[in-house]
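User: Hi! I'm new to reading protein structures, could you walk me through this one?
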Amino acid sequence: MKIRVLGSAAGGGFPQWNCNCANCRGVRAGQAGLQRRTQSSIAVSADGAKWTLVNASPDILQQFQQFAGTWPTEGLRGCGIESVVLVDAQIDHTTGLYMLREKGSPWPIWTTDPVFEDLTRGNPILHLLEHYCGVDRQPVPLDGRSFHPQGSASLDWRAMPLLSAAPPYSPHRGNPVPGDNIGLTVIDPASGKRVFYAPGLAEVDDAVFDAMSSADCVMVDGTFWTDDEMISLGLSKKRARDIGHLAQSGPGGMIEQLSRLPRHVRRVLIHINNTNPILDESSAERAALTAAGIEVAYDGMEIAL
Ligand code: MLT
Ligand code: MN
Ligand code: ZN
């Protein structure tokens with residue numbers, strides 16, 4: 001199984017268009033140790049030839065241009081990506097679907113029922129696409145049954161409901177239902193290897209910890225370093241956990257959770273907000289992650305399992 005990180009940043013990307021924080025200012029100025037990042041998306045493949053897209057970022061066209069695995073190989077039109085799986089209905093995970101409208105046949109799009117509701121009501125993008133390529137909606141089961149999205153159908157995909165947050169436009173924003181956000185386990189039956197992917201994760205409960213412990217690699221929420229990161233910068237009144245993200249530092253934080261995993265599990269943070277000090281490779285926070293054996297995903301990162 002191959003995993004390609006198309007976009008490693010959280011919503012807004014890095015730098016964010018209107019942000020003048022130290023990281024965003026630094027990366028614009030070409031400061032050493034800071035790398036630009038596009039918004040949250042990965043692609044998964046069994047064979048490295050055909051792929052399943054997980055989340056459709058607003059930066060998708062740039063991401064596809066930089067990843068030859070998506071380029072057409074035969075005929076006049078084509079794409080290495082054969083279907084799309086969505087982990088939630090957030091803007092940074094769905095807006096790229098508009099950019100895929102030129103497809104000549106309906107896109108297989110795998111979502112839970114609550115995400116399908118949000119994407120046909122509050123943000124009716126899946127209805128809009130009916131006027132272009134069309135949508136072949138496929139249900140993501142929440143009971144642990146495996147599903148087989150096109151492009152990597154020989155892999156076993158499993159979803160679990162997560163505590164995170166539905167988008168601000170969703171009727172479920174303050175009233176979460178199972179399936180607003182999911183974590184994905186993808187298993188390669190050929191090797192027995194598995195990856196766990198959860199870019200939005202507010203709480204590591206027992207079920208999530210079990211899924212993480214039985215994976216060979218976890219790619220999990222790296223949005224914020226501190227729970228009050230946006231508050232202390234004066235950018236928001238909300239804590240990380242209020243908007244569905246478990247911060248890395250502090251008691252019960254992601255670093256502590258990852259330290260409980262079996263030693264062999266590869267630990268990767270993904271969906272990193274532009275304010276997060278770990279983006280600066282020379283920061284003390286980044287050094288703390290490295291010392292804890294935790295990697296920070298970057299655009300173009302490839303993981304083979
Ligand atoms: C999130 O991950 O909390 C959202 O994607 C934020 C956003 O809308 O950009
Ligand atoms: Mn996001
Ligand atoms: Zn910033």
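Analyst: Happy to; we can go through the metal site, the ligand and some of the strands. One thing to keep in mind is that this is a predicted model.

User: Cool, metal first. Which residues are the protein donors of the manganese ion?
Analyst: The manganese ion, ligand 2, has Asp92 (OD) and His271 (NE2) as its protein donors, and they lie 2.1 to 2.2 Å from it. Aspartate 92 belongs to helix α3 (residues 91-94), while histidine 271 sits in the loop between β11 (266-270) and α9 (284-291). The pair links distant parts of the chain, since the two residues are 179 residues apart.

User: Is aspartate 92 buried or exposed?
Analyst: Buried, because its relative accessibility is 9% and the cut-off for buried is under 20%. Histidine 271 counts as buried too, with a relative accessibility of 5%.

User: And what's around ligand 1?
Analyst: Ligand 1 is surrounded by Gly11, Gln90, Asp92, Ile243, His245 and His271. You'll recognise Asp92 and His271 from the manganese ion.

User: How far are the side chains from the oxygen atoms of ligand 1?
Analyst: Here are three distances. Aspartate 92 has a polar side-chain atom 2.9 Å from an oxygen atom of ligand 1. For histidine 245, an N or O atom of the side chain is 2.8 Å from an oxygen atom of the ligand. For histidine 271, the corresponding distance is 3.2 Å.

User: Let's switch to the strands. What is the order in the open sheet of seven strands?
Analyst: The order is β6-β5-β4-β3-β2-β1-β13, and the pairing is mixed. From one strand to the next, the twist averages 25 degrees.

User: Which strands stand at the edges?
Analyst: Those are β6 (135-139) and β13 (302-304). Each has a single partner strand, so one side of each is left without a neighbour in the sheet.

User: How do β1 and β2 run?
Analyst: Strand β1 (residues 2-7) and strand β2 (residues 41-45) run antiparallel, and five bridges join them. Within that pairing, valine 5 has isoleucine 42 in β2 as its bridge partner.

User: I clicked on valine 54. Where does it lie?
Analyst: Valine 54 is part of strand β3, which covers residues 51-54. With 1% relative accessibility, valine 54 counts as buried. Beyond its neighbours within four places in sequence, valine 54 is in contact with several residues, including Ile42, Val85, Trp157, Leu184 and Tyr197.

User: What separates it from valine 84?
Analyst: Valine 54 and valine 84 are 30 residues apart along the chain, yet 5.7 Å separates their C-alpha atoms.

User: You mentioned Leu184. Which way does it point from β8?
Analyst: Leu184 points one way from β8 together with Ile182 and Val186, while Gly183, Thr185 and Ile187 point the other way. Six of the six residues in strand β8 (residues 182-187) are buried.

User: What pairs with β8?
Analyst: Strand β7 (residues 156-161) pairs with β8 in the antiparallel sense over six bridges. One of the partnerships there joins proline 161 to isoleucine 182. β8 also pairs with strand β9 (residues 194-198), again antiparallel, over four bridges. Leucine 184 has tyrosine 197 in β9 as its bridge partner, and both of those residues are in contact with valine 54.

User: Last one: how many residues lie between the strands in the hairpin of β8 and β9?
Analyst: Six, and in this hairpin glycine 192 takes a positive phi near 80 degrees.

How values were computed. Residues are numbered from 1 along each chain as its sequence is written. Chains are lettered from A and ligands numbered from 1 in the order in which they are written. This is a predicted model: local features need pLDDT of at least 70, side-chain atom pairs count only at pLDDT 80 or more; totals for chains, interfaces and linings use all residues. Side-chain values use heavy atoms; hydrogens and water are left out. Buried means under 20% relative accessible area, exposed over 50%, partly exposed in between (1.4 Å probe, protein chains only). Contact means heavy atoms within 4.5 Å. Donors are N, O and S atoms within 2.8 Å of the metal (3.2 Å for Na, K and Ca); water is not among the atoms, so sites may look incomplete. Two strands pair if DSSP finds at least two bridges between them. Axes are lines fitted to C-alpha atoms, for helices over the stretch in contact, and angles run from 0 to 180 degrees between N-to-C directions. A residue is near a molecule or strand if one of its heavy atoms lies within 4 Å of it. A polar contact is a pair of N or O atoms within 3.5 Å; within protein, one must be able to donate a hydrogen and the other to accept it, and residues adjacent in sequence count only if both atoms are side-chain atoms.
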